[in-house]
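Got your viewer open? Load the chain, colour it by secondary structure, and follow along stop by stop.

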Amino acid sequence: MEKKLGIARKVGNSTALTIPSKADVKLGQRFELTQENNGTVIYKSIDSNPWFNGEYDDIDFKKEI
């Protein structure tokens, strides 16, 4: 597994962790955050929901009705 460097930055009232483009993460992709007792932060991709993973992006629901 290749290691990639992310950098924490201030964005408004939040802290954003940048993701290098080499990671091939899609814009709008959702993640679940877990922080372990030792400070390790783990982001797990949430891909199972078609409303959030892009599966329904090209469907015209008005037309389907």
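The tour starts with the whole chain, then visits the hairpins, the loop and the helix in turn.

**Stop 1: the whole chain**

Before zooming in, keep in mind that this is a predicted model. Show the chain as a cartoon and count along: there are 4 strands and 1 helix. Starting at the N terminus, the order is β-β-β-β-α, so that order is your itinerary too, as helices and strands are numbered from the N terminus.

Now switch to the C-alpha trace and turn it about. Along its principal axes the trace spans about 50 × 35 × 25 Å. How does the radius of gyration of the chain stand against that of a compact globule of 65 residues? The globule would come in near 11 Å, while the chain has 16 Å.

Put a surface on next. Its accessible area comes to about 6,400 Å², and carbon and sulfur atoms hold 51% of that. If you colour by burial, expect few hits: buried residues account for 2% of the 65 in the chain. Contacts tell a story of their own. Take those between residues at least 6 apart in sequence, and 4% of them join residues at least 24 apart.

One last global view: colour the charged side chains. You'll find 10 positive and 10 negative ones, with the centres of the two sets 8 Å apart.

**Stop 2: the hairpin of β1 and β2**

Select residues 8-11, which make up strand β1; this strand pairs with β2 in the antiparallel sense, over 4 bridges. β2 itself covers 14-17. For a landmark, pick K10 and look across to T15, its bridge partner in β2.

Now slide to the turn. The hairpin has 2 residues between its strands, and G12 takes a positive phi near 60°.

**Stop 3: the loop between β2 and β3**

Moving on from β2, select S21, which lies in the loop that leads to β3. Is S21 buried or exposed? S21 has a relative accessible area of 71%, so it counts as exposed, the cut-off being over 50%. For a sense of distance, draw a line from S21 to K62: the two are 41 residues apart in sequence, and their C-alpha atoms are 34 Å apart in space.

Stay in this loop and click D24, which also lies between β2 and β3. Check its backbone: phi is near 55°, a positive value in a residue other than glycine. D24 counts as exposed because its relative accessibility is 67%.

**Stop 4: the hairpin of β3 and β4**

Next, select residues 31-35 for β3 and 41-45 for β4. These strands pair in the antiparallel sense over 5 bridges. Show side chains and find two cross-strand pairs. F31 has S45 as its bridge partner in β4, and L33 stands opposite Y43 in β4. While the side chains are on, recall a general point: in a regular strand they alternate between the two faces of the sheet.

What sits between these two strands? Here the hairpin has 5 residues between β3 and β4, and G39 in the turn has a positive phi of about 95°.

**Stop 5: helix α1**

Finish with residues 61-64, helix α1, where K63 is found. Start with F61, which also lies in this helix. Which residues does F61 touch, leaving aside those up to four places away in sequence? Select W51 and Y56 to see them. F61 has a relative accessible area of 38%, so it is partly exposed. Now measure back to the turn of the β1 and β2 hairpin: F61 and G12 are 49 residues apart along the chain, with 34 Å between their C-alpha atoms.

Step along to K63. K63 counts as exposed because its relative accessibility is 67%. From K63 to G6 you have 57 residues in sequence and 41 Å in space, C-alpha to C-alpha.

The final pick is E64, again in helix α1. E64 counts as exposed, since its relative accessibility is 60%. Draw one more line, from E64 to F31 in the β3 and β4 hairpin: their C-alpha atoms are 30 Å apart, with the residues 33 apart along the chain.

Note on methods
Residues numbered from 1 in each chain as written. Predicted model: local features only at pLDDT ≥ 70, side-chain atom pairs only at ≥ 80, totals over all residues. Heavy atoms only, no water. Rg over C-alpha atoms; globule rule 2.2 N^0.38 Å. Buried < 20%, exposed > 50% of the residue type's maximum accessible area, 1.4 Å probe, protein only. Contact = heavy atoms within 4.5 Å. Areas by Shrake-Rupley, 256 points an atom, 1.4 Å probe, with all protein chains shown as cover. Lys, Arg positive; Asp, Glu negative; His and termini not counted. Charge placed at Lys NZ, Arg CZ, Asp CG, Glu CD. Pairing = 2+ DSSP bridges.
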